Amino acid sequence: MDIKGVKLSIVKMPLKNPFTTHLGSVTEREAIIVEIEDRTGFIGYGEGVAFSSPWYTEETVQTSYHMLKDYLVPLLKKKAISHPDQALALFSSVRRNHMAKAALETALWDLQAKKEGVPLSILIGGGMESIPAGVVVGNPNLQEAIKQIEGYLEQGFKRVKVKISPEDDFHYISGIRKQFPDLPLMADANSAYALEDVDRLKALDQFGLLMIEQPLGYDDIIDHAKLQSQIETPICLDESIVTFDDARKAIELGSCKVINIKIGRVGGIGEAKRIHDYCVSKGIPVWAGGMIEFGISRAHNIALASLPGFTIPGDISGSDRYWEEDIIQPEITVHNGMVKMPERPGIGFELNNKRMKEVTIFEERFEF
Ligand code: OSB
Ligand code: MG
């Protein structure tokens with residue numbers, strides 16, 4: 001791909017409002033922004049979505065940075081590749097560290113799409129249609145959550161996801177349901193339950209949730225299969241699916257009826273596409289999960305969500321969901337609950353250099 005150099009920037013920005021799960025609150029977001037420049041002057045953008053601490057997966061901003069600087073960027077420098085679909089094989093000597101790999105791999109996809117002069121959605125086999133936006137409410141206070149949901153429905157969001165835990169699940173979900181009887185609603189537990197909680201989870205069946213996301217252990221697929229056979233609500237797996245084989249095994253076992261695909265969690269767009277294609281062949285719907293991310297990662301998600309198997313609205317909200325000002329221009333916007341597919345080559349957004357200057361806390365360049 002004739003790469004000239006790679007730039008890594010660590011950015012840091014406060015969220016407009018704290019985002020709370022039973023695992024804690026996120027009030028500030030750090031991320032790694034990757035820029036890969038080729039010798040003709042094109043620049044591909046990627047975003048490392050690991051958090052500052054390892055609460056969601058084992059990776060952090062610092063472990064990702066270490067992997068990128070000391071292993072992944074040197075691998076890319078040592079062995080030239082001609083297409084981003086060779087990146088996963090190139091990185092195969094590094095075990096896991098999916099978010100670090102995805103940060104670089106997604107930048108290669110953006111670069112390739114720009115070289116070919118096509119939108120990223122088209123390059124990866126998707127389309128140009130607008131996609132429906134879904135939003136996540138991370139607020140355990142029922143009255144505040146209801147207010148927030150009202151605001152999002154006014155903006156036209158097509159689907160709402162809330163966070164739940166055994167502490168307050170029945171009261172919280174029934175309160176929201178009472179207020180919004182027809183709302184396409186789902187609940188994400190981020191592994192807050194154990195198999196012994198089956199009765200609590202069965203009690204939620206009456207609320208007609210679209211799905212319950214990752215109720216049990218973050219690396220489990222066995223107990224989820226046992227749970228799915230006892231509850232009506234479809235189980236969606238998030239944390240448990242970090243590879244194509246995880247998806248295959250979970251579907252074979254009956255551990256879930258839906259899969260949330262996050263590019264960072266599975267190590268890149270190549271693996272995300274493989275999981276998508278397999279799910280389509282098995283009749284398992286998928287949707288694009290969010291990571292409280294900045295605009296670069298959001299833009300990659302939007303392209304991914306244009307693939308035909310993404311039949312459920314994803315965690316795809318606008319730049320203003322979390323940020324006073326995003327690091328891209330134009331910002332991502334939601335109109336009547338829809339996000340327009342960008343038409344320009346690549347991800348279709350540029351870095352906002354002024355904003356990048358304000359929020360960058362560290363940067364480093366690697367010449368090839
Ligand atoms: O479990 O889906 C999750 C955010 C950070 C880490 C994990 C998850 C989430 C979300 C998505 O729920 C929030 C968003 O990006 O809007
Ligand atoms: Mg989740």
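**Exercise 1. Describe how helix α5 and helix α6 pack against each other in this predicted model.**

Solution. Begin with the geometry: the axes of helix α5 (residues 142-154) and helix α6 (residues 169-179) come within 10 Å of each other and cross at roughly 40°. The handedness follows as the next step, and the crossing of α5 past α6 is right-handed. Turning to the residues, α5 contributes Leu142, Ala145, Ile146, Ile149 and Glu150 to the contact, while α6 contributes His171, Tyr172, Gly175, Ile176 and Gln179. Sorted by class, this contact of α5 with α6 consists of six nonpolar, three polar and one charged residues.

**Exercise 2. Determine the strand order of the sheet of seven strands, and place α6 relative to the sheet.**

Solution. The strands of this open sheet follow the order β5-β6-β7-β8-β9-β10-β11, and their pairing is parallel. Its edges are formed by β5 (134-137) and β11 (286-288), each of which pairs on one side only. At the β5 edge, β5 and strand β6 (residues 159-163) are joined in the parallel sense over four bridges, and Val135 stands opposite Val160 in β6. Helix α6 packs on this sheet, where it touches β5, β6 and β7 (185-188), and its direction makes about 155° with that of β6.

**Exercise 3. Work out the arrangement of the sheet of four strands and of the helix that lies across β1, β2 and β15.**

Solution. This open sheet has the order β3-β2-β1-β15 with antiparallel pairing. The strands that pair on one side only, and hence form the edges, are β3 (43-48) and β15 (360-367). On average, neighbouring strands of the sheet are turned by 20° against each other, if direction is ignored. Within the sheet, strand β1 (residues 3-21) and strand β2 (residues 24-38) pair in the antiparallel sense over 14 bridges, and the bridge partner of Val11 in β2 is Ala31. The helix in question is α1 (residues 61-78), which lies across β1, β2 and β15 and runs at about 160° to β1.

**Exercise 4. Identify the residues that come nearest to ligand 1, and examine the polar contacts that Lys163, Tyr322 and Met291 make with oxygen atoms of the ligand.**

Solution. There are 18 residues around ligand 1, and of these Lys163, Asp188, Asn190, Ile292 and Tyr322 come nearest. For Lys163, a polar side-chain atom lies 2.8 Å from an oxygen atom of ligand 1. For Tyr322, too, a polar side-chain atom lies 2.8 Å from an oxygen atom of the ligand. Met291, by contrast, uses its backbone, with an N or O atom 3.2 Å from an oxygen atom of ligand 1.

Technical notes:
Residues numbered from 1 in each chain as written. Chains lettered and ligands numbered in written order. Predicted model: local features only at pLDDT ≥ 70, side-chain atom pairs only at ≥ 80, totals over all residues. Heavy atoms only, no water. Pairing = 2+ DSSP bridges. Helix = DSSP H or I, 4+ residues; strand = E, 2+ residues; numbered from the N terminus. Axes fitted to C-alpha atoms, helices over the stretch in contact; angles between N-to-C directions. Contact = heavy atoms within 4.5 Å. Left-handed = near helix turned anticlockwise from the far one by under 90°. Nonpolar A, V, L, I, M, F, W, Y, C, P; charged D, E, K, R; others polar. Near = heavy atom within 4 Å. Polar contact = N/O pair within 3.5 Å; in protein donor to acceptor, adjacent residues only side chain to side chain.
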